[in-house]
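Trainee: I've got a new model open and I don't know where to begin. Could we walk through it together?

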Amino acid sequence: MLKGRIERNGTLTLIRAGFRTSPLCPRTGKHCGDWCPLFDQNGEPPAVSEMPNTFYVLRLCDAELALAEFKDEREWNETETKES
Ligand SMILES: [Zn+2]
């Protein structure tokens, strides 16, 4: 299963079978991250339920990824700061 995560610095990390990759963006030549057109939407990809699974559909530049899990570390760290 493919998982996705936005790191604190904004880079997109994909995790498949324990291996992490940061895809190169076909548009900018840099790694994909929150500077990509994708993030012009409001950050979090929409969750789509297809029984028995829920996917997060991430429209990423020239691809569309179905993620089993999605985590936004930027958001999480912000929340942690507020709560402490
Ligand atoms: Zn990109």
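Mentor: Sure, let's take it in questions and answers. This is a predicted model, where local features need pLDDT of at least 70, side-chain atom pairs count only at pLDDT 80 or more, and totals for chains, interfaces and linings use all residues. Residues are numbered from 1 along each chain as its sequence is written.

Trainee: Which elements does the chain run through from the N terminus on?
Mentor: Helices (H or I, at least four residues) and strands (E, at least two) are DSSP runs, numbered from the N terminus. The chain has one helix and seven strands. From the N terminus on, the order is β-β-β-β-β-β-β-α.

Trainee: Where in the chain is confidence lowest?
Mentor: Look at pLDDT, the predictor's confidence in each residue, from 0 to 100. The chain averages 79, and 77% of the residues score at least 70. Where pLDDT is low, the predicted coordinates should not be read in detail. Confidence is highest in β3, at 93, and lowest, at a mean of 60, in helix α1 (residues 73-83).

Trainee: In what order do the four strands of the open sheet lie?
Mentor: Two strands pair if DSSP finds at least two bridges between them. β1 (residues 2-6) and β7 pair in the parallel sense over four bridges, while β1 and β2 (residues 12-16) are antiparallel over five bridges. The pairing in the sheet is mixed, and the order is β3-β2-β1-β7. That leaves two edge strands, each pairing on one side only: β3 (19-21) and β7 (69-72).

Trainee: Which residues stand opposite lysine 3?
Mentor: Lysine 3 has a partner in each of two strands. In β2 the partner is isoleucine 15. In β7 the partner is glutamate 69.

Trainee: What is the phi of glycine 10, in the turn of the hairpin?
Mentor: β1 and β2 form that hairpin, with five residues between them. Glycine 10 sits in the turn, and its phi is positive, at about 100°.

Trainee: Is alanine 17 buried or exposed?
Mentor: Find alanine 17 in the loop between β2 and β3. Its phi is positive too, near 50°; most residues other than glycine have a negative phi. A residue is buried if 20 or more other C-beta atoms (placed from the backbone) lie within 10 Å of its own, exposed if 12 or fewer, and partly exposed in between. Alanine 17 has 7 other C-beta atoms within 10 Å, so alanine 17 is exposed.
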